[in-house]
Each structure stands twice: as structure tokens, then as C-alpha cells.
Amino acid sequence: MQTGDVLPEQSYTVTRADLVRYAGASGDFNPIHWSDRVATSVGLPGVIAHGMFTMALAARALDTWAGAPGKVRELGCKFTKPVVVPDDDEGVVVRVSGTVANVTDAGVQVSLQVMCGEDKVLGMPRAVLGA
């Protein structure tokens with residue numbers, strides 16, 4: 001990778017079944033991640049994906065770009081917009097794109113953009129891959 005390289009966009013479909021599996025794996029059974037009634041009662045537009053699940057999709061894209069798992073040294077972001085997951089079989093698509101910001105002996109700094117529809121769902125996402 002070289003500074004300025006634009007990495008190929010990665011797309012991931014997120015369904016309610018994914019949220020159930022993630023809840024089981026993480027232990028986060030907050031009903032905003034599975035109940036429309038609870039999610040809308042607290043002002044959300046519907047059931048939303050776990051923020052850490054969305055961040056994990058960014059990590060998955062980084063693994064793909066790095067060519068192997070385990071090369072992500074750092075990954076940070078803010079959760080800026082929820083990923084609303086409809087109760088259907090199609091789900092919603094999260095798209096991750098990246099640009100190589102800098103390459104040093106310490107690693108490859110990658111600027112990320114994580115989108116759902118027209119919304120940036122992660123703010124200031126950045127990562128460092130091992131060289």
C-alpha cells in the first residue's frame with residue numbers, strides 16, 4: 001500500500017438475524033437492538049445495530065484490504081448515526097471505503113468512511129494496519 005491509495009469499497013448486509021447472533025456473542029441484549037416497540041419508545045427510528053457491530057464491519061474491511069486477519073493494530077471512531085435494521089429478509093447495507101493516509105515503519109494509517117445509505121455512521125474512523 002502507498003499513501004493516497006484508494007481501497008476498494010466493501011459492502012456488508014446487516015439483518016435482524018445478524019443482530020441476534022451479535023447479541024448472543026457479545027452479551028448485549030439491549031432491546032433497542034431487537035424490539036421496534038422499545039427502540040421507538042426511546043426516540044430511535046427503529047431497531048438499530050450495535051455500534052460495536054458496525055465498527056467490526058470496518059475491521060472486517062481492513063482485514064480484507066490487509067490480505068489477512070490480525071493485521072489491524074488500531075481502530076478508532078465515534079458512533080455518529082445509527083444503522084437502522086428493518087424487520088425483513090433484506091436488511092440494510094453498510095459500505096466501508098478507505099484511503100491510505102500515510103505509510104511508515106510503524107504501519108499503514110487508513111482513513112475510513114463507513115456509510116449506511118447517505119449517512120456516515122461512524123465519525124472520524126481511522127485505523128493502523130501492521131506493515
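Buried means under 20% relative accessible area, exposed means over 50%, and partly exposed lies in between. Keep these cut-offs at hand for the exercises on this predicted model.

**Exercise 1. Sort Cys 77 and Cys 116 by exposure, then count the disulfides.**

Step 1. Take Cys 77. Its relative accessible area is 22%, so Cys 77 is partly exposed.

Step 2. Take Cys 116. Its relative accessibility is 11%, so this residue counts as buried.

Step 3. Recall the bond rule: a disulfide needs two cysteine sulfur atoms within 2.5 Å.

Step 4. Check the distance. The cysteine sulfur closest to that of Cys 77 belongs to Cys 116, and it is 15 Å away, too far for a bond. Starting from Cys 116, the closest cysteine sulfur is that of Cys 77, again at 15 Å.

Step 5. Count. The result is zero disulfides.

**Exercise 2. Find which side of helix α1 is buried and what covers its buried residues.**

Step 1. Locate the helix. α1 spans residues 16-26.

Step 2. List the buried residues. They are Arg 16, Asp 18, Leu 19 and Ala 23.

Step 3. Ask why they share a side. These residues cover an arc of only 150 degrees around the axis, so they sit on the same side of α1. The general rule helps here: an α-helix has 3.6 residues a turn, so residues three or four places apart point the same way.

Step 4. Turn to the other side of α1. There, Val 20, Arg 21 and Ala 25 are exposed.

Step 5. Name the cover. The buried residues of α1 are covered by elements including β1, α2 (36-41) and α3.

Step 6. Look just past the helix end. Gly 27 follows α1 and takes a positive phi of about 85 degrees.

**Exercise 3. Describe the largest nonpolar core and its sources.**

Step 1. Give its size. The largest nonpolar core has 27 residues.

Step 2. Name the residues with the most contacts inside it. They are Val 14, Trp 65, Val 83, Val 110 and Leu 112.

Step 3. Trace the elements. At least two residues of this core come from each of β1 (6-14), α3 (51-66), β3 (92-104), β4 (107-116) and β6 (122-129).

Step 4. Pick the main supplier. α3 gives the largest share of the core, six residues.

Step 5. Follow one member outward. Beyond its neighbours within four places in sequence, Val 14 is in contact with Leu 19, Phe 53, Leu 57, Val 85, Gly 91, Val 92 and Val 94.

**Exercise 4. Place Gly 98 and Gly 123 in their strands and list their contacts.**

Step 1. Start with Gly 98. This residue is found in strand β3. Its relative accessible area is 4%, so Gly 98 is buried.

Step 2. List the contacts of Gly 98. Leaving out neighbours within four places in sequence, they are Asp 5, Val 6, Leu 7, Trp 65, Val 110, Ser 111 and Leu 112.

Step 3. Move to Gly 123. This residue lies in strand β6. At 12% relative accessibility, Gly 123 counts as buried.

Step 4. List the contacts of Gly 123. Residues up to four places away in sequence are not counted; Gly 123 touches Cys 77, Lys 78 and Thr 80.

**Exercise 5. Report the confidence in the protein chain and where it is lowest and highest.**

Step 1. Read the average. The chain averages a pLDDT of 96, and 100% of the residues score at least 70.

Step 2. Find the extremes. Confidence is lowest in β6, at a mean of 94, and highest in β1, at 98.

Technical notes
Residues are numbered from 1 along each chain as its sequence is written. This is a predicted model: local features need pLDDT of at least 70, side-chain atom pairs count only at pLDDT 80 or more; totals for chains, interfaces and linings use all residues. Side-chain values use heavy atoms; hydrogens and water are left out. Buried means under 20% relative accessible area, exposed over 50%, partly exposed in between (1.4 Å probe, protein chains only). A nonpolar core is a set of buried Ala, Val, Leu, Ile, Met, Phe, Trp, Tyr and Cys residues joined through side-chain atoms within 4.5 Å. Helices (H or I, at least four residues) and strands (E, at least two) are DSSP runs, numbered from the N terminus. Contact means heavy atoms within 4.5 Å. The arc is that of the directions from the helix axis to the C-beta atoms. pLDDT is the predictor's confidence in each residue, from 0 to 100.
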